[in-house]
Amino acid sequence: MDKGGLALYGFSQNNHQTNPPQDTAVTSQHVDGNDENVERGNWSSKTDYFLSVIGCAVGLSNVWRFPYLAYRNGGGVFLIPYTLMLALIAMPMFFLESSFGQFASLGPVAVWKAVPMMQGVGITMVLSSTLIDISYNCILAYSLYYLFASFQSPLPWADCFSWWGADETCSRTPKDPLCNLTLDDGYFEIVNTTWLHVNNETCPSGAEINIPHQSPSEQYWDKVVLRRTSSMDETGELVWYLALCLLLAWLIVGAALSKGVKSSGKVVYFTATFPYVVLIILLIRGVTLEGADKGIEFYIGSQSDFSKLADAKVWKDAATQIFYSLAVGWGSLITLSSYNKFHNNCYRDSIVVCVVNCATSVFAGFAVFSILGHMAHVQEKPVSEVAQSGFGLAFIAYPEAIAQLPWSPLWSFLFFIMLITLGLDSQFVAVEAIITTLLDQFPQFLRSKRLYLTTGVCLLFYFLSLVCVTQAGIYWINLIDHFCAGWSILAAAILELISLSWIYGVNRFIKDIEMMIGERNWLFWLWWRACWVFISPCLLTAILFWSVVTFAPPTFGSVEYPVWATVLGWCMTSFCIMWIPIFAIVRVVQAEGSTLCQAVTNEHVGEGDENVERGNWSSKTDYLLSMIGCAVGLGNVWRFPYLAYRNGGGAFLIPYAFMLALVGMPLFFLESSFGQFASLGPVAMWKAVPILQGVGINMVLVTSISNISYTCIIAYSLYYLFASLQSPLPWADCFSWWGADETCSRTPKDPLCNLTLDDGYFEIVNTTWLHVNNETCPNGSEINIPHQGPSEQYWDKVVLRRTSSINEPGEIVWYLALCLLLVWLIVGAALSNGIKSSGKVVYFTATFPYVVLTILLIRGVTLEGADKGIDFYIGSQSDFSKLADAEVWKDAATQIFYSLAVGWGSLLTLSSYNKFHNNCYQDTIIICVVNCATSVFAGFAIFSTLGHMAHIQGKPVSEVAQSGFGLVFIAYPEAFAQLPWAPFWSFLFFLMLITLGLDTQFATLELIVTTLLDQFPKFLRPKHLYVTTGVCFLFYFLGLICVTQAGIYWLNLLDYFCTGWILITIALLELIGISWIYGVNRFIKDIEMMIGERNWLFWLWWRVCWSFISPCLVTAILIWSVTTFVPPSYGSVEYPVWAIALGWCMIIFCIMWIPIVAIVRVVQAEGSTLCQKISAACTSAPDWGPYLEQHREGRYRKRPDSTESPHCEKRLVTPP
């Protein structure tokens, strides 16, 4: 049984066995002698499955939506975002669902035995499919009606024939407008265009009277096919011929599914291939028509507009189209693949089907637009006026185009039979998903009655769908499509990804797939792992978020829906989604476990873990990426490049490298070794030197305060990320819609001059007046006009809504509060299973920033002026005389100290989950070098773009170079706004900032959680998820003060007081405690227990640094910081006295635990004198040493009290 009660690992293996049939009727209906699964049956051949899944994926949207989206979104250029979204969303989702279904051989509900808590996701899929089935088959009924109507010549919609009721508004060409003309005698007269031309008159503006007009195909669709009423409130009567066509559609579906996949698998030999035959015929006919070249050029030729890639809506359209086109999230793919044999190569199938689907969409566009081009040519209109999508293309525009061709009934017949076959394939699969769900839920009762079940489902759906063939039926179809084919499917897909990747476990899922298709190397799985764990969920969440914020009530053309219809739509959405929380609650209530947490969570210990209580990293890569992510943070991007140019350019690398060797590496090696040796968090590990346990408490407190502010920076970045989904970027100019005032300007405004005239009067004049009159402004008479760039004012007025000082807290900025909540949800989700889950997330979050930095650097160096920026950063600015300035060395030491995250306790925490014999020395060298190289590399990317910005604005680089908030939220966004495709670069940059920040946040929150678990292991360790959730919610509410209108002042205050002297003090005491009290030689022997013995020369450098050099340099930094203290400020805004006093109180609150705990330890220590007590308090606790008994060798095994230690006896479980 699975350790968390979340999955039964054998649920699929039972299905892979050959079990005897339970009923002889079963085998006769849907199982044959070659089937591997004699209960459910399998596909008769691989071709059956392959054609069925292609038929499922290739549907109506490939013909009636993709071509329209392509021409609207840049023509051929649209294929770039379309292909990217195919790789980032569609293929990963398709591969995941087909693998999931094939492995379990179960339908979309029963398959959630894997994660029972998420069974509601399967129910959501089935309910959404049910509602869409009702409306989708009505589209087939419309196509059937047009198919039968095509057996007439001429086609009934070829002209405004009176026999079908065409009225006076029907016309093949738009009627000229009339004119309400005022005559000379003051009377009005309505005249036509001919009269105006004859009398050489023009119609005054506003006097035109447009005559209502409908084309024959449009009026035929409205008046004959639909017999449409004016609104949804008027239901009208049942349209009997559509009801008959609907019945025929359901009869076809029912007949095809009479024997399940055995019968439908044969029908698709026609239905899945015939559309390609028709598309080829239509394309050949289309390209031979006059004007076809204009249609194709409009579709994917001259319309290829690369500037469209800067529009976020284009990317959203691409993601949405590929998502819905491949039928992921509906449960259909799970159903079809569940009938595969176990060792079918589902990976290869996924690639082939996805490529075929996309190729079909592109190919269909040529067939559609070649004929629309001819139609536009005949009507002498631009192609844009005849191009439509959806119902407008299938039942108005294309039928009208076909009606103008010779042999029009033939082309019409082919087109509509193609639509029918495209729709039937999708309908077969959707209904099969519902039937399979019922069969898997009630196998003993229903499996032998499959034919009856299929018949019953089809009849039930027929009667439910009759509302869609009333005179108001089209409104119902549009309503169902609007509410049931969007958010519920997106939510199901997101939860499906999260459930399988994070709860079930992506590594476990990969092993399941390898059981079917064979083992693959880690490089093969790298892309899929990154997509399943992070990329695809994030992109789908962005689509869902976009869909929600851009929601508009449904309409059909110009007809608005009544309020009750919109409410009904929301009820349908809620009905589909509500089963997810309901079933989650039911499964938790029914689950075994003495606590709620045991019922919900998975274990945080893996099968290969050395430490079966705390767990270990799943792999060395997880640890390295987590450590790199922790060390490489925002400071590498927004502070180091600025310090480098300010402190001598390339020359700054000399003190930086020195400080890396003298302070950074020694402290990093010390902390990672200390944590790995003890396998304890930053407080519990001070059993080594109990008198200094307050240092560990200090680490946790300062990290907690820093967490509150740091997540707010990520929240700002999230806001900018969402704001980047606009073109132009909102901060690209002083737009009135966001409240830009008169002080906003892209360039500084010239100063005015208070000029004294000859008659003694004063006059304020501008620079132009002075130039014209050859005057100069006297010294002291200039009046500077307040000025803010658009990016600066957007940051102040829109993002922060900043008040004038910290004394005015204002209100909570709700959108920042939502972004902050999203940050904590991401962090909490990533740490839901401790390092087991966060160790997988970092595969994306720790590597993606390097991808973006590389892209930004390549883009940056190609910009005009980039050389000036790079030269300013590290070229001619390399001033070696700066090395004589002590400030430069202090900046280098401070930057390397903070950059490597030493002193926070994060390194101690992350390394505590290593296996005992991990080579922590090698890790130290790698991570420190990567961290510093990243800082230098980031500088080139940053300054190449800032150089271009300075070139555009005609300023020196020094006037645009900033650090901190000024760089990432003002200067760099302003630089992006001046680039082509600005939203794209902005999106990448802020996504990079978010991933940089998240990695650090994962480590710091894990520190706090680990501390609590180590202090109260029996009580809290089984409640890991609760602890993580509680900490995240607590910090979210504490962080709300930082998203008020005065939030930036609080954030700056916390950063100023809590990330300076406290950390330096911690690092200093840590060095003294380990090297001088615990003993540097003893510490070295501890390390050698882990990495093996080294000679004295190897340890000489580390011994000298730990004992003398590093403590002295850290002390010097501390003294310098204290003596150069100045009160904090934010720009020109100074802090009040009470705020500075509060800052000092925070410092005291953090540091005071060091003396308090030291005094308590001395008081509690044994000894008759104070000296003896101090000595005892400095002595390691009896249970100090390696966490596991198997690693306690030498002096630790011989300790007299070790066998009595509760740490060894009660808290250690040695694996067999």
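The chain has 52 helices and 10 strands, where helices (H or I, at least four residues) and strands (E, at least two) are DSSP runs numbered from the N terminus. The model is predicted, so local features need pLDDT of at least 70 and side-chain atom pairs count only at pLDDT 80 or more, while totals for chains, interfaces and linings use all residues. Residues are numbered from 1 along each chain as its sequence is written, and side-chain values use heavy atoms, with hydrogens and water left out.

Of the 1216 residues of the chain, 60% count as buried; buried means under 20% relative accessible area, exposed over 50%, and partly exposed in between (1.4 Å probe, protein chains only). Among contacts between residues at least 6 apart in sequence, 81% join residues at least 24 apart, a contact being heavy atoms within 4.5 Å.

One such pair involves Gln-119, placed in helix 7 (residues 119-149). Gln-119 and Phe-583 are 464 residues apart in sequence, yet their C-alpha atoms are 6.5 Å apart in space. Leaving aside residues up to four places away in sequence, Gln-119 touches Val-109, Ala-110, Trp-112, Gln-441, Phe-583 and Arg-587. With a relative accessible area of 9%, Gln-119 is buried.

Two packed helices are described by the angle between their axes and the distance between the axes. Axes are lines fitted to C-alpha atoms, for helices over the stretch in contact, and angles run from 0 to 180 degrees between N-to-C directions. Angles under 35 degrees count as roughly parallel, over 145 as roughly antiparallel, 65 to 115 as roughly perpendicular and the rest as oblique. The axes of helix 6 (residues 79-104) and helix 16 (residues 346-379) come within 9 Å and cross at roughly 140°, and these two helices are therefore oblique to each other. Residues making the contact include Phe-94 and Phe-95 of helix 6 and Val-353 and Val-355 of helix 16. By class, the contact of helix 6 with helix 16 has 14 nonpolar, 6 polar and no charged residues; Ala, Val, Leu, Ile, Met, Phe, Trp, Tyr, Cys and Pro count as nonpolar, Asp, Glu, Lys and Arg as charged, and the others, Gly among them, as polar.

Helix 25 (residues 563-577) and helix 26 (residues 579-590) pack at an angle of about 25°, with their axes 5 Å apart. Helix 25 is therefore roughly parallel to helix 26. Phe-575, Cys-576 and Ile-577 in helix 25 meet Trp-579, Ile-580 and Pro-581 in helix 26, a contact of 6 nonpolar, no polar and no charged residues.

The expected span of a helix is 1.5 Å times one less than its number of residues. For the 12 residues of helix 28 (residues 620-631) this gives 16 Å, in agreement with end C-alpha atoms 17 Å apart. Helix 28 is mostly covered, with 10 of its 12 residues buried, among them Tyr-623 and Met-627. The 34 residues of helix 41 (residues 920-953) should span 50 Å, and the end C-alpha atoms, 49 Å apart, agree. Gly-954, just after helix 41, takes a positive phi of about 65°.

Most residues other than glycine have a negative phi, and most peptide bonds are trans. Arg-227, not a glycine, has a positive phi of about 50° and lies in the loop between helix 9 (216-226) and helix 10 (240-256). At 23% relative accessibility, Arg-227 counts as partly exposed. Ala-327 has a positive phi of about 65° and counts as buried at 8% relative accessibility. The peptide bond from Ser-153 to Pro-154 is cis, with omega near 0°.
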